[in-house]
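Welcome! Have a look at the sequence and the structure below, then work through the exercises at your own pace. Each task is followed by a solution in steps.

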Amino acid sequence: MYTSLCFDFGNTRLKCAVFEGKELKEVLVLENDDTTTVAAILDQYQPKKAILSSVINHNAGLETLLTERTGFHKLGHTSKLPFTTPVGKPETIGADRLAICAAAVDLFPHTHNLAIGLGTCITYNYINKSHEFLGGSISPGMTMRFRAMHEQTALLPMVEPDHHFPLIGFDTKTNLQSGVIMGMAKEIDGIIDAYALKFNNFNVLLTGGDMAFFVPHLKNRIFADPYLIFKGLYAICEHNITEI
């Protein structure tokens with residue numbers, strides 16, 4: 001059994017998941033993308049394989065380092081995927097969306113899947129039972145909504161989310177929390193309902209750092225897993241690196 005590292009560089013956080021075989025053992029949060037930071041992780045875990053999913057302008061030296069020290073793959077539109085992408089411009093699909101779709105296919109093969117990622121943006125990703133990613137939609141995420149109301153008004157403050165917000169806000173802070181969190185929950189349920197009118201018997205998968213704020217408020221049955229992106233990255237890594 002060997003170790004694999006799955007790096008996920010998003011707009012908010014830089015993370016790395018450590019796999020032993022197919023089992024996710026640990027998730028690390030990186031302080032930065034310096035080569036010394038990643039080299040220390042490589043020294044500690046001695047991985048045989050590594051994959052990088054990045055939606056930022058990361059340190060280019062990381063790819064050289066990972067290539068030298070591991071069997072390395074950078075996720076992109078030329079990657080071999082466990083699904084097809086019959087959309088207009090497959091090269092524009094975000095790496096995070098590719099990873100979520102790969103996890104859905106790996107966990108629930110030969111079924112329809114709607115995979116929802118809650119991060120900087122909300123992404124809705126539909127993969128049919130023939131393993132075709134047909135697209136979906138993108139809308140602002142939770143922090144983006146809070147920040148937009150603060151930055152684009154004169155008086156509304158920047159507030160933090162709270163798991164225990166009231167439905168009926170009693171001050172500015174709780175009004176904003178209820179509007180954003182409950183509003184997003186109803187959006188997610190509404191999108192799921194719209195898909196249900198068009199498709200039958202599909203799974204709904206939910207993931208992302210903000211997931212815990214919304215799960216209690218959703219009426220639809222979902223499969224919630226905060227590590228879907230990492231599990232998808234692992235599946236893509238195995239699909240692309242066959243020799244070590």
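## Exercise 1: The second largest pocket

Task: find how the lining residues of the second largest pocket divide into nonpolar, polar and charged.

Solution. Step 1: the lining of the second largest pocket divides into five nonpolar residues, one polar and one charged. Here Ala, Val, Leu, Ile, Met, Phe, Trp, Tyr, Cys and Pro count as nonpolar, Asp, Glu, Lys and Arg as charged, and the others, Gly among them, as polar.

Step 2: name the residues. They are Phe108, Phe202, Asn203, Val204, Arg221, Ile222 and Phe223. A pocket is an open set of points on a 1 Å grid over the protein atoms alone, where a 1.4 Å probe fits, with protein on both sides within 12 Å along at least five of seven lines; lining residues have an atom within 4 Å of a point.

Step 3: look for the main contributor. Strand β9 (residues 202-207) gives the most to this lining, with three residues. Helices (H or I, at least four residues) and strands (E, at least two) are DSSP runs, numbered from the N terminus.

Step 4: add the volume, which is about 160 Å³ for the second largest pocket. A volume is the space filled by probe spheres set on the grid points, which are joined across faces, edges and corners.

Two notes before you go on. This is a predicted model, in which local features need pLDDT of at least 70 and side-chain atom pairs count only at pLDDT 80 or more, while totals for chains, interfaces and linings use all residues. Residues are numbered from 1 along each chain as its sequence is written, and side-chain values use heavy atoms, with hydrogens and water left out.

## Exercise 2: The largest pocket

Task: describe the largest pocket by its volume and its lining.

Solution. Step 1: the largest pocket holds about 890 Å³ of space. Step 2: its lining has 35 residues, and Thr12, Leu118, Gly119, Thr120 and Gly209 lie nearest the centre. Step 3: several elements give two or more residues to this lining, including β1 (3-9), α3 (95-107) and α6 (228-240). Step 4: by type, the lining has 14 nonpolar, 14 polar and seven charged residues.

## Exercise 3: Two buried residues

Task: decide whether Thr3 and Ala103 are buried or exposed, and list their contacts.

Solution. Step 1: Thr3 sits in strand β1. With a relative accessible area of 15%, Thr3 is buried (buried means under 20%, exposed over 50%, partly exposed in between, with a 1.4 Å probe and protein chains only).

Step 2: leaving aside neighbours within four places in sequence, Thr3 is in contact with residues including Val18, Phe19, Tyr45 and Pro47. Contact means heavy atoms within 4.5 Å.

Step 3: Ala103 belongs to helix α3 and is buried, with a relative accessible area of 1%. Beyond its neighbours within four places in sequence, Ala103 is in contact with Leu228, Lys231 and Gly232. The C-alpha atoms of Ala103 and Ala235 are separated by 7.0 Å, although these residues are 132 apart along the chain.

## Exercise 4: The whole chain

Task: what is the secondary structure of the chain, and how many of its residues, in percent, count as buried?

Solution. Step 1: the chain has six helices and ten strands. Step 2: of its 244 residues, 46% count as buried. Step 3: the C-alpha atoms fill a box of roughly 60 × 45 × 30 Å, taken along the principal axes.
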